[in-house]
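Subject: Structure for your review

Dear colleague,

Please find below the structure that I am handing over to you, together with its sequence. My notes on what was found in it follow directly after.

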Amino acid sequence: MTAPVKPSRATPRRPPRRAEDKIKPVRLAFLDLLGLGLLGLRTRKMRAALSALGISIGVATMVVVTGIPASSHQALMDEMSALGSNMLRVQPFPGQTVPVRLPEESVDMVRRIKPVTEASAVANTNAAVQRSDLIGEDDFSGTGLSVLSARRDLLSVVGGKVFSGRFFSGADEQFPTAVLGYRAAGRLGIGEIPENEPAPQIQIDKSWFTVIGILHSIPLADDLDNAVLTGWPAAKKTLRFEGNPTVIYVKAREAHLEDVRNVLAATVFPEQPGQVQVSRPSDALAAKRATQNTFSSLFLGLAGVALLVGGIGVANTMVISVLERRRDIGLRRALGATRGQIRVQFLTESVGLSLLGAIAGTLFGVLANVGYAAYQGWPTVIPLLSVTGGCLGAVLIGMAAGVYPSVRAARLPPTEALAST
C-alpha cells in the first residue's frame, strides 16, 4: 500500500519584482520646495541680511548713478525748452507793397501737420488805445502799443504767465475785455488787477474794454510785452476785425522741427508761399541735442559699471553662501534627499536672496534719487531700464552664481559632505 505524499515545507518562490514595484523617491510639492529653499533665509537671518546687503548696494548704486544724472539732464532739457527750442514763428514778410493776408483757417491748417503739438495766433487790429477819454491828444501813453486780437490758447504756446488777474476764458473772449502785456500795463498806468474793486478800463477805438489781466514778460515773444490783447470773437464784433491772423506761433516735436518748417509756408498760404516768413530753429535746439547725446552716453557707461560691480558682489555672496552649507547638504543626503532636491533648494535660496537684495536696493536707490532731486529742485526721473535691469540682473546673476556650487555640493557623497568644515 502506497504511503500518502506529504506536502513539501520548502519556502515558495516569490514572483520577480516588476519595474513599477521599485521604490521611487518622494517628490516634494512646489510649495514644500519653496519653503525648504527659504528655510536658510529664515533660520540665518543675520547672514541673509548681510548677504542681501551686498546685493542691494550694487542695485542701489545702479539706480542712483543713473537716476540722479537723469534728473539733472531733465532739468537742463526743461530750461532749454523754455528758450523756445521747439517753437517756430510764421508771419508775412514785412514791408510788402500789397500786404499778405493769411487765411483765417490757417491756424487750423497748421494743426493738421502731424508733428505739430500746438499752434496759436495773434492779429493786429490796427486800433488805437487810450487810458481814458478825458486825456488830450498830447498824451502819448498809448503810443507804441499795438492792439492784438489773441486766441485763447496763446499763453501755452509762447510760454506766457499771468502776473495779475486772469487770461481769456471762453466767456471773457466774447465780451470787450483786454489783457495787457508787461510793458503795456506800465505805459497805461495799471499796476495790478484789484480783486474786490471794479477792474480798470481802457478805451480802444472809442470802445471801452475792461482789463482782466496783466502778463509777465514773455521772452519767447517780447513783442507781446508792448501789446494790448483782446479776445478773438470780441475783436470781430467791436473792432471791425476780419479774422486774418498776423503772426502764428507753432510748437512741434523737436525731432521733426526742420521738416515742419519746410512745409509751413505752403500750408498757411498755398497761393504764394514765398511771401511768408518762417523763423529758423533757435540755437538752443542744437545745444539741447548735443547735450542729450552726451548724457545718453554717460548713462550707458554709468549703468554698465554699476551693474558690473553689483554682479561681482552677487556672485561672490552667493558662492560663499552655498559653499558654507555643505554639511547641511550632506545631512540631508544621508536622510534621503535626492540630488535634484538639493539643487532646487539652493537655487531657490539663491533667487530669494537675490530678489530680496534687489528689492531693498531698488527702494533705497529710488528714495535717494527722489530726495536729492527735491533738494536740488530738479524733476524726479527714475529710469525704468535701471530699475528693471537691476532687479532682473541681480536675480539672474544670483541664479547663475548658485548653479555651480549647488550642483557640485549635490554630487558630494554624504560622508564627505558631513566631514567638510
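Of the 421 residues of the protein chain, 42% count as buried. Please bear in mind throughout that this is a predicted model. The chain holds 13 helices and eleven strands. Among contacts between residues at least 6 apart in sequence, 83% join residues at least 24 apart.

Two buried residues illustrate such contacts. Val-63 belongs to helix 3, which covers residues 45–81, and its relative accessible area is 0%, so it counts as buried. Its C-alpha atom is separated by 8.8 Å from that of Phe-364, although the two residues are 301 residues apart along the chain. Once its neighbours within four places in sequence are set aside, Val-63 is in contact with Thr-362, Gly-365, Val-366 and Ser-386.

Leu-215 is located in strand 8 and is likewise classed as buried, at 1% relative accessibility. A separation of 4.4 Å lies between the C-alpha atoms of Leu-215 and Val-162, which are 53 residues apart along the chain. Beyond its neighbours within four places in sequence, Leu-215 has contacts that include Leu-155, Val-162, Phe-163, Phe-167, Tyr-182 and Leu-229.

I turn next to the charged residues. The whole structure contains eight salt bridges. In one of them, the side chains of Arg-101 and Glu-242 meet at 2.2 Å, N to O. This pair links distant parts of the chain, 141 residues apart: Arg-101 sits in the loop between strand 1 (87–92) and helix 4 (106–111), and Glu-242 in the loop between helix 7 and strand 10. Glu-242 is exposed, its relative accessible area being 55%.

A further salt bridge joins the side chains of Lys-236 and Glu-104, at 2.4 Å from N to O. Because Lys-236 lies in helix 7 and Glu-104 in the loop between strand 1 and helix 4, this pair ties together parts that are 132 residues apart in sequence. Both partners fall in the partly exposed class: Lys-236 has 34% relative accessibility, and Glu-104 has a relative accessible area of 31%.

Arg-166 and Asp-172 also form a salt bridge, with their closest N and O atoms 3.0 Å apart. Here Arg-166 is partly exposed, at a relative accessible area of 45%, whereas Asp-172 is buried, at 11%. In addition, salt bridges link Asp-108, Arg-111 and Asp-153 in a network.

Which side chain of opposite charge is nearest to the buried Lys-251? It is that of Glu-118, 4.4 Å away, and Lys-251 has no salt bridge. The reason lies in the cut-off: a salt bridge requires a side-chain nitrogen of Lys or Arg within 4 Å of a carboxyl oxygen of Asp or Glu. Lys-251 is part of strand 10, residues 247–252. Its contacts, leaving aside neighbours within four places in sequence, are Asn-86, Met-87, Val-116, Thr-117, Glu-118, Ser-156 and Val-157.

Two backbone angles also deserve a mention. Most residues other than glycine have a negative phi. Asp-205, which is not a glycine, has a positive phi of about 50°. Asp-205 is found in the loop between strand 7 (201–204) and strand 8 (207–215), and it counts as partly exposed at 32% relative accessibility. Arg-240 likewise has a positive phi, near 55°. The loop between helix 7 (232–238) and strand 10 holds Arg-240, which is exposed, with a relative accessible area of 66%.

Finally, there is the matter of pockets. The largest pocket has a volume of about 530 Å³. Its lining consists of 22 residues, and those nearest its centre are Pro-99, Val-100, Asn-124, Asn-126 and Thr-246. By character, the lining residues divide into ten nonpolar, nine polar and three charged.

Yours sincerely,

A colleague

How values were computed
Residues numbered from 1 in each chain as written. Predicted model: local features only at pLDDT ≥ 70, side-chain atom pairs only at ≥ 80, totals over all residues. Heavy atoms only, no water. 1 Å grid on protein atoms, 1.4 Å probe; cavity = no way out; pocket = protein on both sides within 12 Å on 5 of 7 lines; lining within 4 Å. Points joined across faces, edges and corners; volume = space filled by probe spheres on them. Nonpolar A, V, L, I, M, F, W, Y, C, P; charged D, E, K, R; others polar. Helix = DSSP H or I, 4+ residues; strand = E, 2+ residues; numbered from the N terminus. Buried < 20%, exposed > 50% of the residue type's maximum accessible area, 1.4 Å probe, protein only. Lys, Arg positive; Asp, Glu negative; His and termini not counted. Contact = heavy atoms within 4.5 Å.
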